[in-house]
There are 2 protein chains.
Amino acid sequence: MVQSSPKDGKQRILEAAISLFSKRGFDAVGVREIAKEANVNISMISYYFEGKIGILKAIMNDFHDRYYQMIKNVMDDSLPLEECVGRIIRNLVTFIRTHTDLTMIVLHSLPLDIPEIVKLKANKISKLITELSGLFKRFGLDPDDKVLFSIVGPSLVSSILAHFRFKSVQKNVLNIDFDDEFYEKYTETLTTLFLNGLNGLAVKKPEIGRS
Amino acid sequence: MVQSSPKDGKQRILEAAISLFSKRGFDAVGVREIAKEANVNISMISYYFEGKIGILKAIMNDFHDRYYQMIKNVMDDSLPLEECVGRIIRNLVTFIRTHTDLTMIVLHSLPLDIPEIVKLKANKISKLITELSGLFKRFGLDPDDKVLFSIVGPSLVSSILAHFRFKSVQKNVLNIDFDDEFYEKYTETLTTLFLNGLNGLAVKKPEIGRS
DNA sequence: GTTTGGGTCAAACGATTGTTTGAATATATT
DNA sequence: AATATATTCAAACAATCGTTTGACCCAAAC
């Protein structure tokens, strides 16, 4: 099976789409541009993915496969709570740093006006909630407290996403080197921020909820 | 001067665009749809805004005028630090709750691949940084510590944005009522989270930086 | 009464959108 | 060698994109 490029067409389309969607958004990128970047004929997109939206679905599957595995690996109930949180944040940062484009597409700019996509997203999320609620309990917080859960749940990840979104802008304006050293401090700072924050919530909780 | 609709065409275009851009994104929305929603002829868009992208610029100006004024009003150095932070978060949540569509467009899904837009955004942001760095000092944190600043700065706002982004999804799945009561608890929880987090950073800081 | 100028309109501009077609080519199986 | 299967391709599909045109309406100014 001789190929016109090192990887097969399907994979090249996927990678080209990830890069383009991440930089310019799903709607702003045309299939011709994806095909050109992937060095395939336009019709191959419908051939492999049954349309442009099929690429997005494949991207979501790709992301969640990797993401869920990372989360599952990093959860360790035998570890002390603070160490466990530190580990989670460290792996989370490393993961997003490694798969920045993929993550930004799925966790930041996913189009929520396409029912097809929202439905798929809901399926993927439900598996992750189980893991998160376990961690919640260890802080003495009630995972069934929907309000608290809906506030605290997305805040860590969205903070990290915000950093990566404005990374290229900051690089030019603030002249920061985003090297290993930076991300070491980044991880430590974020861990301190959220560990103290969550402990603060755990202490205050009886005051708000039923004591 | 008789008008075909209560407000003038320019304002109606702006409001229609805010609603549509927020729900479906800048690139996914066509000028014909905006014109239809605003009940004006297509050509009025170029007439008033010099093109589709002109609407986005007007939206950015509209947002930042209101946003900057809110930030400026809420900053009060005479207040105790913790009370000041509480006030900021409360007003921030109220503001975003009131101007959800406007905020989501400008602070979440602004297209960063258009140099014209990025440039305008940079101008708007620089004014806000001054206000933020003053607050930083009050926590005993160094606003010239670019790394720390770039981590902590966007985390609060992005957490709130994440909530509003998935609000409609959560409403259906978790069956939460997003009423005044919810946002009272929301504000309190977020304040506790970040107040403890920032204090934790202030305490730990001498350990990381040069003592 | 004529001119001025802001607002409105249908119609058309060329360019681009995502998708499909049908033939051609290559690989694998029989 | 013949058949079946998978991949590739240029070309065309109808639909939509953002923008512009030139005539038209109408109230205010002269």
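Chain A holds 10 helices and zero strands. Read from the N terminus, its elements run α-α-α-α-α-α-α-α-α-α. The model is predicted.

**Overall build of chain A**

Along the principal axes, the C-alpha atoms of chain A fill a box of roughly 65 × 40 × 30 Å. Chain A has 211 residues, and 47% of them count as buried. Take the contacts in chain A with a separation of 6 or more: 68% of these join residues 24 or more positions apart.

**The surface near DNA strand C**

There are 17 residues around DNA strand C. Those that come nearest are Val31(A), Arg32(A), Lys52(A), Ser43(B) and Tyr47(B). By type, the residues of this surface divide into eight nonpolar, six polar and three charged.

Which parts of DNA strand C lie within 4 Å of the protein? Sugar or phosphate accounts for 42% of those strand atoms, and the rest belong to bases.

Three polar pairs give the detail. Each row below names the protein atom, the DNA atom and the distance between them.

| Protein atom | Atom of DNA strand C | Distance |
|---|---|---|
| Val29(A), backbone N or O | phosphate oxygen | 3.3 Å |
| Ser43(B), side-chain N or O | base nitrogen | 3.0 Å |
| Tyr47(B), side-chain N or O | phosphate oxygen | 3.4 Å |

Three elements give two or more residues each to the surface near DNA strand C: helix H2 (31-38) and helix H3 (43-49) of chain A, and helix H3 (43-49) of chain B. H3(B) provides the largest share, with four residues. Ser43(B) and Tyr47(B) fall in the 43-49 range of that helix. Both are also among the residues that come nearest to the strand. The side chain of Ser43(B) pairs with a base nitrogen, whereas the side chain of Tyr47(B) pairs with a phosphate oxygen.

**The second largest pocket**

The volume of the second largest pocket is about 1,400 Å³. Its lining has 49 residues, and those closest to the centre are His108(A), Ser109(A), Arg165(A), His108(B) and Ser109(B). Both chains thus appear at the centre of this pocket.

Which helices supply at least two residues each to the lining? In chain A they are helix H1 (9-24), helix H6 (100-108), helix H8 (146-165) and helix H9 (167-173). In chain B they are helix H1 (9-24), helix H6 (100-108), helix H8 (146-165) and helix H9 (167-173). His108(A) and Arg165(A), two of the residues closest to the centre, fall within the ranges of H6 and H8 of chain A.

By type, the lining divides into 21 nonpolar, 13 polar and 15 charged residues.

How values were computed. Residues numbered from 1 in each chain as written. Chains lettered and ligands numbered in written order. Predicted model: local features only at pLDDT ≥ 70, side-chain atom pairs only at ≥ 80, totals over all residues. Heavy atoms only, no water. Near = heavy atom within 4 Å. Polar contact = N/O pair within 3.5 Å; in protein donor to acceptor, adjacent residues only side chain to side chain. Nonpolar A, V, L, I, M, F, W, Y, C, P; charged D, E, K, R; others polar. 1 Å grid on protein atoms, 1.4 Å probe; cavity = no way out; pocket = protein on both sides within 12 Å on 5 of 7 lines; lining within 4 Å. Points joined across faces, edges and corners; volume = space filled by probe spheres on them. Buried < 20%, exposed > 50% of the residue type's maximum accessible area, 1.4 Å probe, protein only. Contact = heavy atoms within 4.5 Å.
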